[in-house]
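Reader: I'm new to this structure and would like a close look at one part of it, the hollows inside and along the surface. Could you take me through what lines them and then set them in the wider chain?

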Amino acid sequence: MTGVHIPYGVYWSTPFSRWQGSLSRLHSLRFAAWTARRELERRGVDPAALQSAVLGCSVPQQGSFYGLPWVTGMLGAPHLAGPVVSQACATSIRGLATAAAELMLGNAETSLVLMADRVSNGPQLYHPDPAGPGGSGAHENWVLDNFSHDPWSGLSMLQTGERVAERHGISTDEQNAVTLRRYEQYAQACADGRRFQQRYMTLPFEVPDARYARIASVLDGDEGIHATTAEGLTRLSPVLSGGTITYGGQTHPADGNAGMILATAERARELSRRPEIGIEILAFGQSRTEKGYMPQAPIEAAGHALQRAGLAVSDLHAVKTHNPFVVSDIALARATGLDVMAMNNYGCSLVWGHPQSPTGLRSTIELIEELAERGGGLGLFTGCAAGDSAMAVVLRVDAAGAAR
């Protein structure tokens with residue numbers, strides 16, 4: 001146990017929008033501050049009372065050199081300084097761990113964790129090289145170049161997925177079956193007027209214009225998710241010649257943000273929207289797997305987190321993953337004995353997309369709500385990230401008799 005708690009309901013996520021959609025023109029840090037200010041007000045939390053904060057951002061935006069102090073200034077907490085963390089798709093859990101450390105060290109009783117990324121319209125960087133021919137430098141497309149080439153392994157992310165599929169003997173047919181199940185689970189979250197998602201997401205969601213002067217559009221929920229059927233998946237061919245992974249079995253880039261407050265036990269009860277529900281972070285885990293096998297890294301990160309929490313896989317009541325490729329879930333299930341069809345209830349990044357920094361935080365929020373709905377229990381989130389790495393978090397929700 002860490003002594004770090006999450007006040008129930010004091011977390012949020014925007015809908016995620018497939019890149020070049022309704023959120024593609026919004027500066028990710030300004031948008032995160034705009035969203036956080038509104039969501040904190042809805043929850044009766046005064047930003048001026050916050051004592052620490054962490055910002056996660058993996059795609060630079062103009063002015064992001066000023067990082068968290070700029071963002072907290074915009075949202076009404078100009079007294080806060082703090083770090084910006086960036087660990088690709090593990091940024092959310094790294095941000096939670098960083099904020100938790102502040103509480104465990106006694107430096108604060110509350111800490112705001114904000115995760116913001118816009119994968120759309122990523123920066124085009126020019127790296128000067130005075131020793132280059134005629135002084136010429138190198139150009140980098142921050143998003144696309146890094147999707148397609150790990151400078152350490154020399155592989156694209158898709159190639160790492162295929163290597164894991166080959167190692168674990170995962171066929172396209174098996175991937176299609178699990179993918180279809182993931183869309184069925186997401187449909188559960190959209191049922192009854194998106195009842196489950198409205199536990200943490202303000203819907204309909206008002207999208208501001210780029211100047212934050214007016215509301216430009218309204219989203220009913222996540223944007224850009226395609227209808228998926230068994231027949232449609234079967235018609236898709238693998239993206240790489242001789243491979244197994246189709247476009248149906250991998251996620252898509254997206255835009256959005258998410259936030260959460262961590263607190264001591266006493267402050268969590270004071271801030272909670274339902275004080276009878278207790279949420280405690282039990283442990284974190286990190287891993288770096290073999291070179292070029294990124295999607296299997298969550299296996300090891302999950303093992304480290306469970307070991308530190310003193311738990312076994314059989315103790316868990318719910319599991320969520322970041323699954324850029326559905327082979328990630330299949331490999332995790334084979335290694336641990338988890339039921340691949342039972343993890344990721346109510347949605348996952350395979351379906352609702354991949355805005356990088358906020359991805360894991362939204363999954364963690366959904367994990368909390370799934371556990372609260374069942375009356376409490378133990379949950380695990382784990383997910384891979386660039387560089388063959390992964391992070392995981394284990395938490396406990398005490399909510400006996402509090403399900404709704």
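Author: Let's start with the largest pocket. Four helices, α4 (142–148), α5 (157–168), α6 (172–194) and α7 (230–235), each supply at least two residues of its lining. Among the contributors to this lining, α4 gives the most, with 3 residues. Bear in mind as you look around that this is a predicted model.

How much space is in there? The largest pocket holds about 690 Å³. Its lining counts 29 residues, and the ones closest to the centre are Y247, Q250, T251, H252 and P253. Sorted by class, the lining of the largest pocket has 16 nonpolar, 12 polar and 1 charged residues.

Now move on to the second largest pocket, with about 410 Å³ of space. Here 22 residues make up the lining, and A88, N146, F147, M157 and A386 lie nearest the centre. Two elements, α4 and α5, give two or more residues to the lining of this second pocket. Once again α4 gives the most, this time with 5 residues. The class split for the second largest pocket is 10 nonpolar, 10 polar and 2 charged residues.

Then there is the enclosed kind of hollow. Counting those of 30 Å³ or more, you get 1 cavity, and its volume is about 50 Å³. If you want to find it on screen, pick out C89, M157, M294, H322, P324, H354, C384, A385 and A386, which line this cavity. That lining divides into 7 nonpolar and 2 polar residues, with no charged ones. You may recognise two names here: M157 and A386 line the cavity, and both are also listed among the residues nearest the centre of the second largest pocket.

A little further along the sequence from C89, which is part of the cavity lining, you reach helix α3, residues 91–104. At 1.5 Å a residue, its 14 residues should span 20 Å, and the end C-alpha atoms are indeed 20 Å apart, so the helix agrees with what you'd expect. Which of its residues are buried? The buried residues of α3 are T91, S92, I93, G95, L96, A97, A99, A100 and L103. In an α-helix there are 3.6 residues a turn, so residues three or four places apart point the same way. After α3 comes G106, which has a positive phi, near 80°.

Several of the cavity residues, including M294, H322 and A386, bring us to the later part of the chain. An unreviewed UniProt entry places the feature "domain: Thiolase C-terminal" at residues 281–396. This stretch is 37% helix and 27% strand, and its end C-alpha atoms are 7 Å apart. For a spot to zoom in on, try E290, in the loop between β12 (278–288) and α9 (297–309). E290 counts as partly exposed because its relative accessibility is 41%. Compare its place with that of P204: the two are 86 residues apart in sequence, and their C-alpha atoms are 43 Å apart in space.

Finally, zoom out to the whole chain, with its 12 helices and 15 strands. The C-alpha trace spans about 55 × 55 × 40 Å along its principal axes. For 404 residues, a compact globule would have a radius of gyration near 22 Å, and the chain's 20 Å agrees with that. Buried residues make up 58% of the 404.

Terms used
Residues numbered from 1 in each chain as written. Predicted model: local features only at pLDDT ≥ 70, side-chain atom pairs only at ≥ 80, totals over all residues. Heavy atoms only, no water. 1 Å grid on protein atoms, 1.4 Å probe; cavity = no way out; pocket = protein on both sides within 12 Å on 5 of 7 lines; lining within 4 Å. Points joined across faces, edges and corners; volume = space filled by probe spheres on them. Nonpolar A, V, L, I, M, F, W, Y, C, P; charged D, E, K, R; others polar. Expected span 1.5 Å × (residues − 1). Buried < 20%, exposed > 50% of the residue type's maximum accessible area, 1.4 Å probe, protein only. UniProt positions renumbered as here; feature names shortened; annotations may be inferred. Rg over C-alpha atoms; globule rule 2.2 N^0.38 Å.
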